[in-house]
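Here's a protein model to explore together. Take a moment to turn it around on the screen, and then we'll walk through some of its details.

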Amino acid sequence: MPQFPFARHEKYKSPQENEKSCHNAPVSKAKLFDRTDVWMVWKHKDVCEALESNKPSVDRRTPGNPKIHEGGWNAKGQRPNVVNMDDPDHKKQRREMRGPHWYKPKGPEFHQSSETGSPTNSNLKKYMHKLVEKRIQKLQDDLVSKLATEQGVLTLFLYPEELEELKGDPSLAKNVVNECLRYQTASALNSRRAALEDTTIGGKEFLDSLIPQHTKKCDGVVCSVRSADRDEDPYENTNILGVHRKHVTRDTVGVGYGPHRCQGE
């Protein structure tokens, strides 16, 4: 049984075991650092299904919640933040984060809800989308500019031909940002769950004789979003950066998927 997380064999490249597991054992077990067993979900389709479901718990206090390092055990009894909350607390916290006390963007393009006086989630996303695009076109000394460029610049230096294409055609900037999110998978180890009830993950996708894998109540589940972002079912040539790659942004799971997808993406 493999031990997770896997070590990188080459700097900046995804571990080879991710690709092997995605092809050969899309739902399988692994060992964590404390020798506990955990269910691993490797394929994009299955990862999205698991993360969109409310059956598993993200609360680190839930029995069976996987701990991938000693710090996880040390924080086990602490009150979770919004990332580690289950509903209804999670929904409440996200609503509060959308309120005017959290952030007050200015401009006629940003409207408030007529019912609550708070910015709506869709308008917040539109505002942030426009802000990121403006910073890509003209960088400033602020956090948004740093987040929009630093990871992408590092990645592009690994692919000088793609970098030259971007320099020659700045309209590719949006594609490049989305592709860097997919290629680098910013939050690769944060999609951990504990089953709250018996459920089924995966199916007969590769072999006719493959029996769907069942998790039992309190089983730990880790969704390998890094593997999912390199899965060749939704994408092609996934181990290279492609500035012309076309894909739906929401299908990139490095910032999460479903109700716990990062609100600040």
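Let's start in the loop between strand 1 (27-31) and strand 2, which is where Arg 35 sits. Keep in mind that this is a predicted model. Arg 35 isn't a glycine, yet its phi is positive, about 75 degrees. Most residues other than glycine have a negative phi. Arg 35 is also exposed, since its relative accessibility is 51% and the cut-off for exposed is over 50%.

Arg 35 has company on this point. Asn 237, another residue other than glycine, has a positive phi near 50 degrees. You'll find Asn 237 in the segment after helix 9, and with 52% relative accessibility it counts as exposed.

**Two unusual peptide bonds**

Which kind of peptide bond links Phe 4 to Pro 5? It's cis, with omega near 5 degrees. Pro 5 belongs to the segment before helix 1 (16-24). Asp 87 and Pro 88 are also joined by a cis peptide bond, and there omega is about 5 degrees. Pro 88 is part of the loop between helix 3 (70-74) and helix 4. For background, most peptide bonds are trans.

**The chain as a whole**

Zooming out, the chain has 9 helices and 7 strands. It runs to 265 residues, and 42% of them count as buried. The accessible surface comes to about 15,500 Å², with 51% of it belonging to carbon and sulfur atoms. Now take the contacts between residues at least 6 apart in sequence: 61% of these join residues at least 24 apart.

**Salt bridges**

Side chains of opposite charge can pair when their charged atoms come close. The count for this model is 8 salt bridges. Three of them are in the table, among them one that involves Asp 37.

| Positive partner | Negative partner | N to O distance |
|---|---|---|
| Lys 31 | Asp 37 | 2.7 Å |
| Lys 43 | Asp 233 | 3.1 Å |
| Lys 45 | Asp 46 | 3.9 Å |

Asp 37, which pairs with Lys 31, is partly exposed at 38% relative accessibility.

Where do Lys 43 and Asp 233 lie? Lys 43 is in the loop between strand 2 (37-41) and helix 2 (44-52), while Asp 233 is in the segment after helix 9 (225-228), so their salt bridge ties together parts that are 190 residues apart in sequence. The two ends also have contrasting surroundings: Lys 43 is buried, with 3% relative accessibility, whereas Asp 233 is exposed, with a relative accessible area of 58%.

The pair of Lys 45 and Asp 46 shows a similar kind of contrast. Lys 45 is exposed, with a relative accessible area of 53%, but Asp 46 is buried, with a relative accessible area of 1%. There's a small network to look for as well: Lys 43, Asp 231 and Asp 233 are joined by salt bridges that share partners.

**Inside helix 2**

Asp 46 is one of the buried residues of helix 2, together with His 44, Val 47, Cys 48, Ala 50 and Leu 51. What covers these buried residues? The cover includes strand 1, strand 2, strand 3 (56-57), strand 4 (192-195), strand 7 (220-223) and helix 9.

**A buried arginine and a charged patch**

Is Arg 182 buried or exposed? Its relative accessibility is 0%, so Arg 182 counts as buried, because that term covers anything under 20%. Arg 182 is found in helix 8 (residues 173-184). Leaving aside residues up to four places away in sequence, Arg 182 touches Asp 229, Arg 230, Tyr 235, Thr 238, Ile 240, Arg 245, His 247 and Thr 252.

For a charged group on the surface, look at Arg 79, Lys 91, Lys 92 and Arg 95, which gather in a patch of positive charge. Lys 92 is in helix 4 (residues 89-97) and is partly exposed, with a relative accessible area of 46%. Try finding Lys 92 in the patch, and then go back to Arg 182, the arginine that counts as buried.

Technical notes: Residues are numbered from 1 along each chain as its sequence is written. This is a predicted model: local features need pLDDT of at least 70, side-chain atom pairs count only at pLDDT 80 or more; totals for chains, interfaces and linings use all residues. Side-chain values use heavy atoms; hydrogens and water are left out. Patches are made of residues with over 30% relative accessible area and no salt bridge: like charges are joined within 9 Å, nonpolar side chains (Val, Leu, Ile, Met, Phe, Trp, Tyr) within 5 Å. Accessible areas come from the Shrake-Rupley method with a 1.4 Å probe; for residues, only the protein chains shown count as cover. A salt bridge is a side-chain nitrogen of Lys or Arg within 4 Å of a carboxyl oxygen of Asp or Glu. Lys and Arg count as positive and Asp and Glu as negative; His and the chain ends are not counted. The place of a charge is taken as NZ of Lys, CZ of Arg, CG of Asp or CD of Glu. Helices (H or I, at least four residues) and strands (E, at least two) are DSSP runs, numbered from the N terminus. Buried means under 20% relative accessible area, exposed over 50%, partly exposed in between (1.4 Å probe, protein chains only). Contact means heavy atoms within 4.5 Å.
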